Amino acid sequence: MKILVCISNVPDTTTKITFSPDGKTFNTAGVQFVINPYDEYALTRAIELKEAHGGSVTVLNVGEADTEPNIRKALAIGADDAIRVNLKPTDAYLVSQQIAYYAKEGGFDLILMGRESIDYNGYQVHGMVGELLGIPTVAPAIKLDVNGSTATLEREIEGGKEIIEAPLPLVVSAQQPMAEPRIPNMRGIMTARTKPLKVVDPVGQDAKTSVQNYELPPAKSGVKLIPAESAGDLIKLLRNEAKVL
């Protein structure tokens with residue numbers, strides 16, 4: 001079984017976000033980037049499936065050269081090889097085009113990725129990839145098992161859980177608790193240095209959207225403490241300032 005895992009490069013959740021003075025670009029100075037956490041669930045489950053059934057796990061990233069440290073981390077965790085599409089990921093459709101093209105070219109049985117990236121939270125790529133390839137998409141899944149050419153998945157739905165069977169090839173987006181993310185060990189880190197990382201040119205480049213402006217949320221205002229005996233003042237503040245009454 002050939003498994004393709006798509007990973008994205010995102011700012012660490014502890015990063016302080018800033019933008020350029022004109023609000024057009026994200027300021028990457030001093031920012032620590034990590035593998036998108038949702039993608040780590042997909043990667044770990046792919047490795048577990050390989051260990052159980054045999055096969056290979058290929059990591060694909062759409063990004064520029066600065067994403068390679070995290071691609072190498074994915075290889076250290078257990079992926080066999082990697083592809084980096086040399087393109088800045090500015091648009092969900094553009095990214096989906098790259099994934100679909102190289103997924104079809106590689107003849108993969110299973111295409112895994114996180115439910116969304118934690119920077120833009122778009123929740124779009126998995127559906128677009130499935131549509132471009134003309135194969136089923138299940139999103140988001142919390143469990144995934146494969147038996148022969150059939151995948152069994154579990155999704156959370158309102159009021160319960162849903163069990164789905166789908167034929168391979170298949171696109172799946174993952175969320176917790178699909179798998180427990182792994183930490184690379186020393187042997188994995190050493191072997192990752194020699195695993196293949198192929199850099200390829202992008203295809204299409206038909207972006208459908210562009211960012212016009214970034215804005216930080218309004219700063220939080222100070223907290224006002226009202227004595228218990230002044231409940232009337234609290235009601236006035238809620239009505240006249242907070243506008244919640």
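The points below describe two helix pairs and one buried strand residue in a predicted model.

1. Helix α3, which spans residues 92–106, packs against helix α4, which spans residues 125–133, at an angle of about 45°, and the axes of the two helices are 9 Å apart. The two helices are therefore oblique to each other, and α3 passes α4 in a right-handed crossing.

2. On the α3 side, this contact is made by A92, Y93, V95, S96, Q97, I99, A100, A103 and K104, while α4 contributes V125, M128, V129, L132 and L133. Sorted by class, the residues of the contact of α3 with α4 comprise 11 nonpolar, 2 polar and 1 charged.

3. Within α4 itself, the residues H126, V129 and G130 are buried. Because they cover an arc of only 95° around the axis, these residues lie on the same side of α4. As general background, an α-helix has 3.6 residues a turn, so residues three or four places apart point the same way.

4. A reader may ask which elements the buried residues of α4 pack against. They pack against helix α3 and also against three strands, namely β6 (110–114), β7 (137–141) and β11 (170–174). Following α4 in the chain is G134, which has a positive phi, near 70°.

5. Strand β11 contains S173. Is this residue buried or exposed? S173 has 0% relative accessibility and therefore counts as buried, since buried means under 20% relative accessible area.

6. When residues up to four places away in sequence are not counted, S173 touches M113, G114, R115, H126, V138, A139, P140 and A141. One of these contacts, H126, is also among the buried residues of α4, and β11 is one of the strands against which the buried residues of that helix pack.

7. The other helix pair to look at consists of helix α1, covering residues 37–53, and helix α2, covering residues 68–77, whose axes come within 10 Å and cross at roughly 30°. Here, α1 passes α2 in a right-handed crossing.

8. The contact between these helices is made by E40, L43 and I47 of α1 together with K73, A74 and I77 of α2. By class, the contact of α1 with α2 holds 4 nonpolar and 2 charged residues, with no polar residues.

Technical notes
Residues numbered from 1 in each chain as written. Predicted model: local features only at pLDDT ≥ 70, side-chain atom pairs only at ≥ 80, totals over all residues. Heavy atoms only, no water. Axes fitted to C-alpha atoms, helices over the stretch in contact; angles between N-to-C directions. Helix = DSSP H or I, 4+ residues; strand = E, 2+ residues; numbered from the N terminus. Parallel < 35°, antiparallel > 145°, perpendicular 65-115°, else oblique. Left-handed = near helix turned anticlockwise from the far one by under 90°. Contact = heavy atoms within 4.5 Å. Nonpolar A, V, L, I, M, F, W, Y, C, P; charged D, E, K, R; others polar. Buried < 20%, exposed > 50% of the residue type's maximum accessible area, 1.4 Å probe, protein only. Arc of directions from axis to C-beta.
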